[in-house]
Amino acid sequence: MGKSLVIVESPTKAKTIGKFLGKDFEVLASYGHVRDLPNNAAEIPAEIKKEKWSRLGVNVDKKFEPLYIIPEVKKKRVKELKAAIKGAKELLLATDEDREGESISWHLLQVLAPKIPVKRLVFHEITKEAIEHSLQSARSVDENLVRAQETRRVVDRLFGYSVSPLLWKKMAPRLSAGRVQSVAMRLLVERERERIAFHRAMYWDLKAVFSKKGSHQSEDQFEAELTHVGDKRVASGKDFDPATGRLSEKADVVLLDEKGAAKLRESLLGTGAEISSIEEKPFTQRPYAPFTTSTLQQEASRKLSFSARRTMQVAQVLYENGFITYMRTDSTTLSDEALNAARTLIKRDFGEQYLASEARLYKTKVKNAQEAHEAIRPAGKDFIAPALVKEKFGAEAFRLYELIWQRTIASQMKDAHGTRVGVQVRCGDATFRASGKTIEFPGFLRVYVEGSDDPEQELAEREKVLPKLAQGEKVDGKSFDALSHETQPPARYTEGTLIKELERRGIGRPSTWATIVDVVLSRDYAFKRGTALVPTFLATALTNLMESYFTNLVDYEFTARLEDDLDAISRGEADYLNYLKKFYFGNGHPGLKTLVEKGGETIDPRIVCGIPVGQVEGGGKIEVRIGRFGPFLTDGTNRASVPDMMAPDEMLLEKAKGILAEAAKGPASLGKHPESGQPVYLKKGRFGPYVQLGDMVEGAEVKPKMASLLPGMQPDAVTLDIALQLLSLPRTLGKHPENQQDIVAANGRFGPYVKCGVETRSIPLDQFTPINITLEQALELLKQPKRRGRATTPTNLREVGKHPTTDANLVIKSGRYGPYVTDGKINASLPRGMDPNSLSIQDAVNLLDARAAKANSEEPAPKKKKTARRGKKKAA
C-alpha cells in the first residue's frame, strides 16, 4: 500500500506540514494554480482561435464556459504530480481554506483526474493539533466556494478584456480597466477633485502659558489655547467653507487676523487671570479587536511603513512556517484555544490585575462566508515569543509578528481607566482652555497602543498632567503668542486608509485588497508621495470616461452589491449563471456587452482625453491631454510635457501658463558649434536630459544629432564644452596594436563602454568616462575577462539613511542601467527623471517595496532542457 499524497500551494507550506505528518505521507507543492484562463493569444489552442469568443477566454454563449489551459511554466509540475499519484493510496488536498484555495484544489482534481480516494483538508493554522484535526474532519471540495471563485474570475475577465480594448482605441495603448481596480482609482480621483476645489483660509489665535500665582516651578505651569473673545467663540478650521475659503454663514464666531491677534495679545500682557471653571470626567478605553486582514494592513502601514502587499508577503511567511493563523480573514473571533493561551500568558507575565474578568468576544462587522473564521493571531495553544521569530526570519517578520502578538494579548486585557480634566482661564476679555489627562490604570495600554511602536513611551506621552487648581484661583499669565493657522485640504488616501474605505463600502475582500492597491500603483494610475497615494492625470481622464460611459460599473453601491452576490453564490443561496447573464447581457439595465458596444459608437477621443485646467483671455482654454506617450499640456497652439510626478491639484492655471510660456521659448541654447555654427541645445525628453546639435526641421529626412548625458551628470553642470564632447561620441581612440581594429569609446543604452571589433567592456565611471578615457586605458579594459551581469563595481552616489524597519543602510548607486537604490539585498531603479539628490527615505522604501513585490509575483521560468553538443561522443 502506497503513501497518502498531500498537495499544498507552496514548498514552504509543504515543508512545515511535512514535519507534523509521519512517514506514511508525501507532501508536495503545486506552486499555486496549475491552470488558468489564457494570458495571451499564443496560449489559446489552435482549434479555439477561430471562435469569436476566443480572445475573451470565456464562451459567453455556452453558459459562460471558461477556457482553461495549463501554462507552459506549470506543465512539468503537473507531470510530476501525476506521477506521484500513481503510487499513492489517497489524495489529500490541503490548500488554503478560502475561495482561492478551494479553487486551486478543484483545478487539481480536474487536471490530475485521480482514481484514488480524495479528501479536502481544511485548517486555519499550521500546527500539529490543527493538522491532526483536519485529518479527522476531512471533507470533499466545496462546489459552492469554487463556483463563487470562478464567477469572480469570469466577471473580472469579461470586464477587463471587454473594456480595456475600448480604452486603447479611444484613449491610449496599454491601458487597463478592472471591476474593483477602477472603483479604487475613482476614490483616489474624487479625493483629488476635493483638493482641487478646496480654497485655503487663514486664521489666527493665541497660545498662552499660565502658572500658579507667584510660582516659577515648571510643574506649576500649563499651556492653554484661546477659545472665546467676549461671549463669542474664536474661529477655527471647521468654521470655514472648503469650497470658498470664507467663513460659513452659520458660523457665529470672532475671526482674528494677524493684526487683530497682535492687538489682543498686547491688551492681555500684565492682565490678571483666574480659573473660571474646572471640569473632571472619568474615561474608560476598551481594547481593540484582534486583527482582520484590513486592520492588519492599516496598522502595519501606520506603524511599520509596510505596503499592503509587503504586509501580506511577510504574513504569508509567518503563516506557512506555523507562527500565525491564516492571514486572509474578516473575522475578529478567537477560538477557545486562543482565548486560553492569551489569558494564561496575561496572568503569568502581567499579573491577574490586568486580566479581563471573563473572555472578551468581538463581533465580526462584515457578513461574509468566503474567508477564514478566526482572527489573525499567533498560532497554537502556546503563543511563541516574538524574539524567536526575529532569530529565524529577521526584523520584518519579527515586527509584524510582534504587532499581531501584542494586539491579540491586549484584546483579552482589562480596560484602561483615567480622568480627563478641562480648565477654563479668564484673562481680561479672553477665555483660554487647558486640557489634561491622567491614566490611573493602563490596562491593555500596557501592551498595545494603536499607532505606537513603544506602548510604555506612548503612555507617558498620552498623560498630560495639570497642576492642582481650584475654581476662582488667581494665576499668572507668563506668555502670550499669536499663532497663524491655515485650513488644510482633505488628506489623500494612504494604502491603509484606502483599504479601510474599500472595506467600509463593502468593496473587495481580504484576499483582494493588497492586489487592488498594487495594480493601481503598477499601472501608473497613482504614485506615492511619502505614504500618500497621488492619482495621475491618466487616472483622472480614465475615471472621467468610466463615470460618463460606464456609470454603473464604477458605482460604489453597485460594486458592493456584486460582492454580496458572490458571497450568496459561495453560500449556495444564488445561481452563478443568472448572475453572469445579468452582468454581461443585462436585466432591466444595460449589461457590459451593450455598454461596450455603445461606448465604441459614442465615445469621442477629443473629449475624453482632455482634462480642463482653466480659461484664458479670448475664450481659449488650457487643458491636460492624454497622448500616446503620456500627458501633455496645451492651449490649442503651444504644448508642453507635464512634469513627472506632478499631482493634479498642483496644476493651477497660473502654473500651467508658466509651463506653456517656458516651452514656447524653446530649449536653452548653450552656444554655437565652433565649426558648423549650428546651435547646441540642452533639452529634456521622455528618457531624461540630452544635448542636441542644430534645429529640428519638420519633414527633413535627417534629424539633428543628439546625445544623452552620462549617468550621474546633472543638467545644470552641462556647459558648451561638455555638450560638444558628448556630441563627439562615439570617439575613435586609435588602433588595437594586435589586430589593427579601431577602438571606440561610446555612451550606449546600458551605459558607457569601449569596443574593438566584437569585444566590448563597460567603462567604470568612478575611474574615467568615454570623454576622457585614453587608448592605453581602453586597452587595459579590453584585456580584462568579460564578466556576466554588471561589469564594474557600482559607484555610490549618495547615502539616503537607515531603513525604518530593517535598519539597513539605504544607498543610491550608479549602475549599468542608471541610478538605483539598494538596501544590500534588493535593488530598485529610480524612475526616469527622478533626481537622486531629492530621494527621501520614504521614497526609497516605496521603491524597494515595489521591486520586492514585483520579484515575488514573478513565477520562475522553466529551465531549458540541455541539448547534446554536436561532435563525437567520448568513448566509454
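**Figure 1. The whole chain has 24 helices and 32 strands.** Helices (H or I, at least four residues) and strands (E, at least two) are DSSP runs, numbered from the N terminus. This is a predicted model, in which local features need pLDDT of at least 70 and side-chain atom pairs count only at pLDDT 80 or more, while totals for chains, interfaces and linings use all residues. Residues are numbered from 1 along each chain as its sequence is written, and side-chain values use heavy atoms, with hydrogens and water left out. Along the principal axes, the C-alpha atoms fill a box of roughly 105 × 90 × 65 Å. Of the 876 residues in the chain, 49% are buried; buried means under 20% relative accessible area, exposed over 50%, and partly exposed in between (1.4 Å probe, protein chains only). Among contacts (heavy atoms within 4.5 Å) with a separation of 6 or more, 67% join residues 24 or more positions apart.

**Figure 2. Strands S15 and S16 form a hairpin.** Here S15 (residues 526-529) and S16 (residues 532-535) pair in the antiparallel sense over four bridges; two strands pair if DSSP finds at least two bridges between them. Look for Phe-527, which stands opposite Val-534 in S16. Two residues lie between the strands, and Gly-530 takes a positive phi near 70°.

**Figure 3. Four strands form an open, antiparallel sheet.** Follow the order S17-S18-S19-S20 across the view. S17 (610-615) and S20 (639-641) each have a single partner strand, so one side of each edge strand is left without a neighbour in the sheet. On average, neighbouring strands are turned by 25° against each other, direction ignored. Axes are lines fitted to C-alpha atoms, for helices over the stretch in contact, and angles run from 0 to 180 degrees between N-to-C directions. Five bridges join S17 to S18 (residues 621-627) in the antiparallel sense, and in S18 the bridge partner of Gly-610 is Arg-625.

**Figure 4. Helices H16 and H21 meet the sheet.** H16 packs on the sheet and touches S17, S18 and S19 (630-634), with its direction at about 95° to that of S18. H21 (residues 653-665) lies across S17, S18, S19 and S20, running at about 100° to S20. How many residues does H16 have? The helix, residues 537-549, has 13, and reaches 19 Å from its first C-alpha to its last. That is close to the expected 18 Å, which is 1.5 Å times one less than its number of residues. Buried residues in H16 include Phe-537, Leu-538, Leu-542 and Met-546.

**Figure 5. Met-171 sits in the largest nonpolar core.** A nonpolar core is a set of buried Ala, Val, Leu, Ile, Met, Phe, Trp, Tyr and Cys residues joined through side-chain atoms within 4.5 Å. This one has 134 residues, and those with the most contacts inside it are Leu-158, Met-171, Leu-400 and Ile-409. Helix H12 (residues 386-410) gives the largest share, nine residues. Leaving aside neighbours within four places in sequence, Met-171 is in contact with Ala-541, Leu-542, Leu-545, Val-608, Cys-609 and Ile-626. A second, separate core of 27 residues includes Trp-204, Ala-224, Val-254 and Leu-256.

**Figure 6. Glu-143 belongs to helix H6.** Find this residue in H6, which covers residues 143-170. Is Glu-143 buried or partly exposed? Glu-143 counts as partly exposed because its relative accessibility is 41%. Glu-143 and Ile-569 are 426 residues apart along the chain, yet their C-alpha atoms are separated by 10.0 Å.
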